[in-house]
Amino acid sequence: MPRTGARPHWLIAFIGFAVVAAMGFALLPQPVTGTIIAAAKSPTSFGLDLPSFRAAFDRTEAAKNPANPASGAIASCDHMPDDSDQCTTGDAGFLRSVSLMRAAGLMDHTAKQDVTILLQRDRDGRVASVEVDGTRADQANALRFSDVVTDVLSALQGQAGSDASVLKMRLGLMSGDNDATINEPKTIALPGTTVQCVRSRSNVSMLVRCIFHPG
């Protein structure tokens, strides 16, 4: 016959289990409290809309040619069916370069400017990417293409006078078929911008292209 006041064995076992369970829960990883820092994300667009980009590009061109500031400015932009904007620049400066090259014996024919700026915008109307298409079929167009590429960089970075010569050299914009890397895309990460350029040997294509993305 059990003694008065003695606890049943099942009650003792239950109390022991509860103590062990409580200790085990205390050792489990507890949720972290406080502020959670979100991972940094690359921007999806540049901080300017189409009119702002045009104004910045034109300022860069004007700074290079104060006597005729509109000679290389953006002349027109057409909204395309794919919702992009295709822009062309004035050719007065280009034609002057052709004339000087012919006089110096560097060209023996006339040439037509062949460079296009293609802009994609996000849903808020800000520039999401800029593509510059051109040709190196003649020296005048090769020079104009490289100038437009560096002017686009200046416009996107919000400052005129980006180091054009360094960019041209790093991207090989003025290199010919003797460049060992001519068939390889070249990518350069710059403050707030990443640019990738593609060129091919002349027996493949004379077309050249550079694309700017925020980054």
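**Exercise 1. Work out the order in which helices and strands follow one another from the N terminus of this predicted model.**

Step one is the tally: the protein chain has five helices and seven strands. Next, walk along the chain from the N terminus, and you read α-α-β-β-α-β-β-α-α-β-β-β.

**Exercise 2. Find out what share of the residues is buried, and how far apart in sequence the contact partners are.**

Start with burial: 37% of the 215 residues in the protein chain count as buried. Now turn to the outside, where the accessible surface comes to about 13,300 Å² and carbon and sulfur atoms account for 59% of that. Then take the contacts between residues at least 6 apart in sequence: 52% of them join residues at least 24 apart.

**Exercise 3. Locate the largest nonpolar core and say which elements build it.**

First, the core itself: it has 31 residues, and those with the most contacts inside it are Phe-53, Ile-117, Val-130, Val-152, Val-195 and Phe-212. Second, the elements giving two or more residues: these are helices H2 (50-64), H4 (139-157) and H5 (164-171), together with strands S3 (116-121), S4 (127-135), S5 (186-190), S6 (193-198) and S7 (207-214). H4 supplies the largest share, seven residues.

Third, pick one residue and look around. Neighbours within four places aside, Val-152 is in contact with Phe-53, Phe-57, Ile-117, Val-130, Val-132 and Phe-212. Don't stop there, though: apart from this core lies another one, of six residues, including Phe-94, Val-98, Met-107 and Ala-140.

**Exercise 4. Decide whether Ser-129 is buried or exposed, and list what it touches.**

Find the residue first: Ser-129 sits in strand S4. Its relative accessible area is 11%, and the cut-off for buried is under 20%, so Ser-129 is buried. For the partners, skip the neighbours within four places in sequence; that leaves Phe-46, Leu-118, Leu-119, Gln-120, Phe-212 and His-213 in contact with Ser-129.

**Exercise 5. Do the same for Met-101, then check its distance to Gln-139.**

Met-101 belongs to helix H3. Its relative accessibility is 12%, which is under 20%, so Met-101 counts as buried too. Beyond four places in sequence, Met-101 is in contact with Leu-106, Met-107, Gln-139, Ala-140 and Leu-143. Now measure off one pair in the model: Met-101 and Gln-139 are 38 residues apart in sequence, yet their C-alpha atoms are 8.5 Å apart in space.

**Exercise 6. Describe the largest pocket: its volume, its lining and the classes of residue found there.**

Rolling a probe the size of a water molecule over the atoms shows where empty space is left. Here the largest pocket has a volume of about 210 Å³. It is lined by 14 residues, of which Gly-93, Phe-94, Ser-97, Arg-144 and Asp-147 are the closest to its centre. By element, H2, helix H3 (92-103) and H4 each give two or more residues to the lining. By class, you get three nonpolar, six polar and five charged residues.

**Exercise 7. Say what stands out in the backbone at Asp-83, and where this residue lies.**

Place it first: Asp-83 is in the loop between strand S1 (74-79) and strand S2 (85-89). Most residues other than glycine have a negative phi. Asp-83, however, has a phi near 75°, a positive value in a non-glycine residue. Finally, its relative accessible area is 48%, so Asp-83 is partly exposed.

Terms used
Residues numbered from 1 in each chain as written. Predicted model: local features only at pLDDT ≥ 70, side-chain atom pairs only at ≥ 80, totals over all residues. Heavy atoms only, no water. Core = buried A, V, L, I, M, F, W, Y, C linked by side-chain atoms within 4.5 Å. Buried < 20%, exposed > 50% of the residue type's maximum accessible area, 1.4 Å probe, protein only. Helix = DSSP H or I, 4+ residues; strand = E, 2+ residues; numbered from the N terminus. Contact = heavy atoms within 4.5 Å. 1 Å grid on protein atoms, 1.4 Å probe; cavity = no way out; pocket = protein on both sides within 12 Å on 5 of 7 lines; lining within 4 Å. Points joined across faces, edges and corners; volume = space filled by probe spheres on them. Nonpolar A, V, L, I, M, F, W, Y, C, P; charged D, E, K, R; others polar. Areas by Shrake-Rupley, 256 points an atom, 1.4 Å probe, with all protein chains shown as cover.
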